[in-house]
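This report goes through one protein model, from selected side-chain pairs to the chain as a whole.

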Amino acid sequence: MAAHDPHADVRQRCSHDLRVDGARAVWIDRGTLTVPAELDDRTPGPQGWQLPESTQWLLLWSRSAAIRVEDDHLWAPDLTVVELDVQPGPLDSHLVSRNPAVAGYLALTLAERWQRSVPEMLTGQVMLARRSNGKLRTLTGVQLGPVLDDLYAAQARQEPFGVHFDERRIRLALWAPTAQRVSLLLWPAEAGPAPSVGRAQHRQMIRSESGTWKAGIGAEMVGARYLYEVVVYSPSTGRMETNLVTDPYSSGLTVDSARSVLVDLDDPAWEPDDWQESAGPHLQQLVDASVYELHVRDFSINDELVPSQLRGSYAAFTVDGLGTRHLRALARSGLNTVHLLPCFDVSSIPEADPQSQPDPAQLASLPPDSHEQQRMVQHSGGQDAFNWGYDPLHWGVPEGSYTSSPEQADGGLRVLEFRRMVSALHGLGLRVVLDQVFTHTSASGQHPFSVLDRIVPGYHHRLDRRGAIEGSAAGNNVATERLMTEKIMIDMVVRWARDYHVDGFRFDLMGHSSARNMARVRAALDELTLEDDGVDGEGVYLYGEGWNFGEVADNALFTQATQGQLEGTRIGTFNDRLRDAVRGGRPFDEDPRRQGFGTGLAGDPNGAPCNREPERRLQHDTDLVMLGLAGSLRDYELLCTDGVHRRGDEIDYNGRPAGYAQEPSDAINYVDAHDNETLWDALIMKLPQGLPMDERIRMNTLCLATVALGQSPFLWHAGTDLLRSKSLDRNSYNSGDWFNRLDWTGEDNGFGHGLPPADDNMTRWPWLRPLLADPSLKPTSSQVQQAAEQARLLLKLRRSTPLFRLGSAERIRQKLRFPLSGTPGAVPGVITMHIDDRTDPVDPDLNGLVVVFNATPEPVRQAPLLDGQRASLSPVQADGPDQVVRRARHDGVGFEVPARSVAVFTLR
């Protein structure tokens, strides 16, 4: 392009107080820019909205990024000024549909003779100015995401990125359309984890029309370390920057992610011996999924049967430790899936030199209600080896701190040990689900942990109206609506499925992505086949957090991947309706003592002022539990506890429909997860303090039964079957091994480890202190084992008959009823569920089931009409170790069920 526009002054006069006002303009296609209404000084006239004759909009460009205000002038030695035309009337509807955030903006058009220069303009500093009466009055940066999609995405989405190997060449590709230059820096494999830049080989990369930079090197460089040197304009600094960046598509990394590594994922050296035959159990239908949510470090860090050097690592899953034995017992009872918290490369866990955590013996010597434990743990928090890991650095490489030698977590070692873990879990009869976090990155701008934003600044993150990065999803929100960001998301999920044999994925804050994103992920997985990829992609299970909040709420930017908006995709969302009804209240209530169906609302009041109107709330919570047991279907008709028939979507949940699922697999039921207090801690806070331990255990089992015996897939947090406590911590993401202790022996369930960390819990300390100081609230090892046996019975019950997994909304509507709900025979706090299998049998051995959930402190008798069918307690319970529930019986007319119990009766 020409150095300057001959029709514009190079030095632009400006008002003396002119400042850059964020990045409020949005460039949406090659010929169209937009500015928000508040920067627009149009006035209404007979021909529509008109600009004053003295007003002009100017596009300013400097290849050297040298635009500055000086002595009432704006200038740069290479400044180009282009006057833009103002489009009369509103922005074209098709442009608004592609970019909803600019609805109501003023459209500015670039003359066709300048449009051929747009790709070059985008590699420098671009600003937009408004000139009025001969002076610049407004100066703002320009958001480039939409125009980059318009120019490049169609072609670039068809290309492979990262590293690709053949017998003679290694090919590398990086998408960096705004870069002026990209070089490949290489070091030999023996160069160490972070070799100096001065020792690197430099290879100039070649740019293609798609904005992709490519290079090829010899196949002998396998194992080499590499970085990209990207010369690019950074809006966060207002300068051209020379960034040394790892590959966002890295297949291997050195320790602490200092360098990318040329790792060939098809190299047999990084495959376990049985890798090609490794496969998880097949699910006949999605509702068969029973999931155990587990953190890799928690699994073995306290396991004395695991060699000390392997504790907390992927390798611990390959050892016959206590944790492995526990998973084997759960699998034999009916569990079929382990969900691992983030295992991709994260920024929040040091690999080479983590800070030591406090001595457990010293912590154990302190009083159970002391504030000292949390003070000591927080001292090392953020620098020690514990974190949940929701801080993505590289989405497609296993986290190095979980290898058996974190200080040597280099190249293919991570790959091999992760694959061995997956193979071992498959060998136990368990599928593997991997947590995915595409909603935010750990950093942006020029931060050392910022990868994407130092390659294509301002593209991969979601920007607000002023050009700042949105932060509602825990900071540095990712703009998955950008087409090339979506491509990374899809490519990385496919990599984990194809190259690591992962059987499913859980998506963090999935509602911050679009339904389109998730449908395309699903479609890409469905293309994987056993013949070509070693994976049945259609069998990969997807679910996530379908919450509706933040800048994307209520479909503000796109149709979100939220509850009720994913029908037909085979993608599930977590069911907070059932969770809150069983536990009571909501996770972020100021007072955590609010009771629910499973935590004492039905006859065990705790006296807290938040428990007003218990009868009315018990009715509503009971309705929500029944609907959850029936799959949370929007069109399921329920006779509610008040005697009124309502569809699922006519039952209220905090102003939204309680029923949102089209099919039962659209919801995944749970009553606790890594977030918020564990189920046992919720029971500690909500049940009366004097309730005996055996009765507390029965309530724990009853809560777990509401998800295990429902029609949807379900999830248990690891250790919930062992009465796992985090010492009442509501957010243990950075609370170290001490507060996150998972003891497979049952000797220490984690309760009484001191007051939980102050950051998220201090306001609750006055309520928590007397509970932690009460020794009667800490179960013995035998009581923990009693709870574990009761939980395993639930898994066996679910597995014993397909009637707990009918699989379709049609069958649920046909077969499942709550015959006493809303009738004079109903007892508050008791749910009687009847699954009638006499027509179109699902289980040929049974005529049906009756399940009675008795959350009250008294035995109950329920007498639904059964048309003369014979009923008996399920053999699983009749022959099981729970002596209390074995007293449940059918006397020919009614079902008698002990207090705080769940009893399953078979009909013949």
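With which residue does Glu-551 form a salt bridge? The partner is Arg-462, and the closest N and O atoms of the two are 2.8 Å apart. Glu-551 sits in the loop between β28 (541–544) and β29 (571–574), while Arg-462 belongs to the loop between β26 and α10 (483–500), so the salt bridge ties together parts that are 89 residues apart in sequence. Glu-551 counts as buried because its relative accessibility is 17%, under the 20% limit for that class. Arg-462 is also buried, with a relative accessible area of 2%. The model is a predicted one, and every value here is computed from it.

**Salt bridges**

The whole structure holds 52 salt bridges. Three of them are set out below.

| Pair | N to O distance | Separation in sequence |
|---|---|---|
| Glu-551 and Arg-462 | 2.8 Å | 89 residues |
| Arg-506 and Asp-435 | 2.8 Å | 71 residues |
| Arg-861 and Glu-896 | 3.9 Å | 35 residues |

The salt bridge between Arg-506 and Asp-435 links distant parts of the chain, with Arg-506 in strand β27 (residues 504–507) and Asp-435 in strand β26 (residues 431–436). Both of these residues are buried.

Arg-861 and Glu-896 also meet through their side chains in a salt bridge. Here, too, distant parts of the chain are linked: Arg-861 is in strand β39 (residues 860–862) and Glu-896 in strand β42 (residues 895–897). Are these two residues buried or partly exposed? Arg-861 is partly exposed, at 42% relative accessibility. Glu-896 is partly exposed as well, with a relative accessible area of 25%.

Salt bridges also join residues into a network, made up of Asp-21, Arg-24, Glu-38, Arg-465 and Arg-466.

**The surroundings of Ser-62**

Ser-62 lies in strand β6 (residues 55–62). Its relative accessible area is 0%, so Ser-62 is buried. Which residues does Ser-62 touch, leaving aside those up to four places away in sequence? The contacts are with Ile-67, Ala-76, Asp-78, Gly-124 and Gln-125. Thr-80 is 18 residues from Ser-62 along the chain, and the C-alpha atoms of Ser-62 and Thr-80 are separated by 6.4 Å.

**The chain as a whole**

The protein chain contains 22 helices and 43 strands. Its C-alpha atoms fill a box of roughly 100 × 75 × 55 Å along the principal axes. For 908 residues, a compact globule would have a radius of gyration near 29 Å, and the 30 Å of this chain agrees with that.

Of the 908 residues, 62% count as buried. Among contacts with a separation of 6 or more, 73% are between residues 24 or more positions apart. The chain exposes about 32900 Å², of which carbon and sulfur atoms supply 48%.

How far apart are the mean positions of the positive and negative charges? The chain has 90 positive and 122 negative charges, and their mean positions are 2 Å apart.

Definitions and conventions: Residues numbered from 1 in each chain as written. Predicted model: local features only at pLDDT ≥ 70, side-chain atom pairs only at ≥ 80, totals over all residues. Heavy atoms only, no water. Helix = DSSP H or I, 4+ residues; strand = E, 2+ residues; numbered from the N terminus. Rg over C-alpha atoms; globule rule 2.2 N^0.38 Å. Buried < 20%, exposed > 50% of the residue type's maximum accessible area, 1.4 Å probe, protein only. Contact = heavy atoms within 4.5 Å. Areas by Shrake-Rupley, 256 points an atom, 1.4 Å probe, with all protein chains shown as cover. Lys, Arg positive; Asp, Glu negative; His and termini not counted. Charge placed at Lys NZ, Arg CZ, Asp CG, Glu CD. Salt bridge = Lys/Arg side-chain N within 4 Å of Asp/Glu carboxyl O.
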